[in-house]
Every structure is written in C-alpha cells, then in structure tokens.
Amino acid sequence: MSGTLFMVGTNAGAVYPSVGLSPAFPTPIRMEPMSAPKSRPLSPHLQIYRWPLNMALSILHRMSGVALAIGLVLVTWFCAALAAGPDAFATFTACATSWIGILMVLGWSGALCYHACSGIRHFLFDLGYLYDTQNSKRAGQIVLGGAIILTLLIWLCVFAGRVGP
C-alpha cells in the first residue's frame, strides 16, 4: 500500500490514486508502512532527569501536610493523656521520650516548620509575586533554610530546657 493516499472526510477510507484528491479535503494523508521501533527512551529516566527545586518543594509541601495530619494523632493522644490523669500521662511521656518517639516528634516539628514557611511562599504566589524563575528559586532556598533553622531552634530550646516562660 506504499504510495496510497487515504482521504479524510465524507469518503473516509476510500483509496485514491496518488494524484486524486477529495473535493472536501484537498490535502491528502500519505500512509507509510511502519518501520522498526526507534531506539530511544520513552520518558526521561530518573538518573538523567533533574527535578526543578520548585517541583520538589511543591511535592514536599503536600507531604508535610499529610505528615501534619497524621501527627495530629500524637497531639490528640497527648491531650487525652493529660486529661486522663498522671498514669496515662506517664505512659505517653515514656513513649514520647523513647528514641522512636523523639524521632516522630522531631519529624512532626520539622514538617510543621516547613509547611508554615512554604505556606507563606504559596501566599506570596497567590498575591502575584515570585513568578520569575530567579525569585522563585531563591524563595524556595529561603523556605528550606528557614524551616531547618526554625526546627533546630525549637529543638535547641527543648533540649536546653527553656520551653515556656
């Protein structure tokens, strides 16, 4: 069928000689035989493709929101243990001060700090700022740095025993 023209229109599928044209659609479509598949990747591979900072931060913002929602179970447990009395609170304290408990609370506080900083960045996007590439990338770097610094300051205060007035 090489060299055969297939027309699209009222006579769709009709075979015309190479010089014939459909009156409705004067541009013929030439159908070529399929060749062997080309040797190229279908999509960029993860080892080749480099994520832009804004894309990674957007995904991290969503993940931190999920972590905060899951972490509310700990906050609820804390409030319930506080209301239930000294025995329940002692159980909560024993779990929260174990290495896994400290790791969970550290992750939750990091997610809280990141989500707050990233939320301010998204608010600035909503106001119409930071749309150019340089400012957007710089704001992302500031968000990452600010979240790390805030988390470290919180935990320095916790380990120094200076929480509260």
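**Figure 1. Helix H3 gives the most to the lining of the largest pocket.** Its share is seven residues. The model shown here and in every figure below is predicted. The largest pocket has a volume of about 550 Å³. A total of 23 residues line this pocket, and Leu74, Phe78, Phe92, Ala96 and Val105 are the closest to its centre. Four helices each give two or more residues to the lining: H1 (53–84), H2 (86–96), H3 (99–126) and H4 (133–160). Sorted by class, the lining holds 17 nonpolar and six polar residues. Charged residues are absent from the lining.

**Figure 2. The protein chain, from strands to helices.** The chain has 165 residues. It holds four helices and three strands. Read from the N terminus, the order of elements is β-β-β-α-α-α-α. Buried residues account for 20% of the chain. Contacts between residues at least 6 apart in sequence were also sorted by separation: 54% of them join residues at least 24 apart.

**Figure 3. Helix H1 packs against helix H2.** The angle between the two helices is about 145°. Their axes lie 7 Å apart. From H1, the contact takes in Leu74, Trp77, Phe78, Ala81, Leu82 and Ala84. From H2, the partners are Ala88, Phe89, Phe92 and Cys95. By class, the residues of this contact are ten nonpolar, no polar and no charged. Leu74, Phe78 and Phe92 take part in this contact, and these three residues are also among those closest to the centre of the largest pocket.

**Figure 4. The largest nonpolar core has five residues.** Its members are Leu57, Tyr114, Cys117, Val143 and Ala147. Helices H3 and H4 are the elements that give two or more residues to this core. Ala147 is in contact with two fellow core members, Tyr114 and Cys117. Ala147 also contacts Cys113. These contacts of Ala147 leave aside its neighbours within four places in sequence.

**Figure 5. His61, a buried residue of helix H1.** His61 sits in H1. Its relative accessible area is 15%, under the 20% cut-off, so His61 counts as buried. Not counting residues up to four places away in sequence, His61 touches Tyr114, His115, Ser118, Gly119 and His122. One of these partners, Tyr114, belongs to the largest nonpolar core.

**Figure 6. Ser109, a buried residue of helix H3.** Ser109 is found in H3. The relative accessibility of Ser109 is 9%, which means that this serine counts as buried. Ser109 touches Thr151 and Trp155, with residues up to four places away in sequence not counted. The view also takes in Leu68. Ser109 and Leu68 are 41 residues apart in sequence. In space, their C-alpha atoms are 8.6 Å apart.

**Figure 7. Leu130 has a positive phi.** Leu130 lies in the loop between H3 and H4. Its phi is about 65°, although Leu130 is not a glycine. Most residues other than glycine have a negative phi. Leu130 counts as buried because its relative accessibility is 17%, and the cut-off is under 20%.

Key:
Residues are numbered from 1 along each chain as its sequence is written. This is a predicted model: local features need pLDDT of at least 70, side-chain atom pairs count only at pLDDT 80 or more; totals for chains, interfaces and linings use all residues. Side-chain values use heavy atoms; hydrogens and water are left out. On a 1 Å grid over the protein atoms alone, a cavity is a set of points where a 1.4 Å probe fits but cannot get out, and a pocket is an open set with protein on both sides within 12 Å along at least five of seven lines; lining residues have an atom within 4 Å of a point. Grid points are joined across faces, edges and corners, and a volume is the space filled by probe spheres set on the points. Ala, Val, Leu, Ile, Met, Phe, Trp, Tyr, Cys and Pro count as nonpolar, Asp, Glu, Lys and Arg as charged, and the others, Gly among them, as polar. A nonpolar core is a set of buried Ala, Val, Leu, Ile, Met, Phe, Trp, Tyr and Cys residues joined through side-chain atoms within 4.5 Å. Buried means under 20% relative accessible area, exposed over 50%, partly exposed in between (1.4 Å probe, protein chains only). Contact means heavy atoms within 4.5 Å. Axes are lines fitted to C-alpha atoms, for helices over the stretch in contact, and angles run from 0 to 180 degrees between N-to-C directions.
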